[in-house]
Amino acid sequence: MATPRSEPKQRSTDPKQRSTDPKQRSEPKQERARRTRVHILQSAAELFAERGYATVTLQDVAERAEMTKGAVYFHYTNKEALAVAVVQEHYARWPEILKGAEGNHEEPFDTLTAVLDTVTRAFATDIVVQAGARLQIERALIDAELPEPYVGWEDYLTRLITEARDAGQLRAGVEPRAAARVLVSAFFGMQHISDVLSRRKDLTERHEELRSVLLDGLRG
């Protein structure tokens, strides 16, 4: 439907075009900058997830974001800075995801199962999660310091498995830290293989196999 001539023009969604909407022009600069950075980061994450770190350039990111290279450079001075930002955002998303996964389960082992189910869905659907995982695998190519991978997951799963042990739900003789290390290795290997072989199309199937073999084997 055409906009009546008496109404102000709608602000263009093209980041390269300046707004003619007075309300939009009055938006705080910090908020506009934040939204622009999020848009750039999302575009970079898509490319890193699709192609990996080595072949992506700032120009590629600018084209995906429909911005000029100079605009991208203003917010992220090089590709390394973009990679670090994507990995940091990857980790920043987990607390909220895991909070929802833990929920109010009656049994600790059910919480452990729900967490792994939820993490699998995040890897299947969240492009920033996918990109962050791939960049961690390719960390040797990135001339920047990235957060240390996997250790936090081992600590987190150790806590959940310990709670299951204390509730009498863990198989006798299973040490929680060892079980957590095995789960982390199996899970991240699973999602990486699924990415390489099927672009994660079979991730749910592989996760069901992991649950059947590993989780059922841990349950007391």
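A surface patch, as the term is used here, is built from residues with over 30% relative accessible area and no salt bridge, with nonpolar side chains joined within 5 Å. In this predicted model, I193, V196 and L197 make up a nonpolar patch of about 300 Å². L197 belongs to helix α10, which covers residues 176-198. With a relative accessible area of 61%, L197 is exposed, and L197 therefore lies above the 30% required of a patch member.

It helps to set this patch against the fold as a whole. The protein chain contains eleven helices and zero strands. Of its 220 residues, 42% count as buried. About 12700 Å² of the protein chain is exposed, and carbon and sulfur atoms supply 50% of that area. Among contacts with a separation of 6 or more, 66% are between residues 24 or more positions apart.

Turning to the interior, the largest nonpolar core has 31 residues, and F123, L157 and L183 have the most contacts inside it. The elements giving two or more residues to this core are α6 (94-102), α7 (108-125), α8 (127-137), α9 (151-166), α10 and α11 (203-218). Helix α10 thus appears twice in this account: α10 contributes to the largest core, and α10 also carries the exposed L197. Leaving aside residues up to four places away in sequence, L157 touches L112, L116, A180, L183 and V184. A second core, separate from the one just described, has 27 residues, among them V84, A85, V86 and V128.

Key: Residues numbered from 1 in each chain as written. Predicted model: local features only at pLDDT ≥ 70, side-chain atom pairs only at ≥ 80, totals over all residues. Heavy atoms only, no water. Patch = residues over 30% accessible without salt bridge, like charges linked within 9 Å, V, L, I, M, F, W, Y side chains within 5 Å. Areas by Shrake-Rupley, 256 points an atom, 1.4 Å probe, with all protein chains shown as cover. Salt bridge = Lys/Arg side-chain N within 4 Å of Asp/Glu carboxyl O. Helix = DSSP H or I, 4+ residues; strand = E, 2+ residues; numbered from the N terminus. Buried < 20%, exposed > 50% of the residue type's maximum accessible area, 1.4 Å probe, protein only. Core = buried A, V, L, I, M, F, W, Y, C linked by side-chain atoms within 4.5 Å. Contact = heavy atoms within 4.5 Å.
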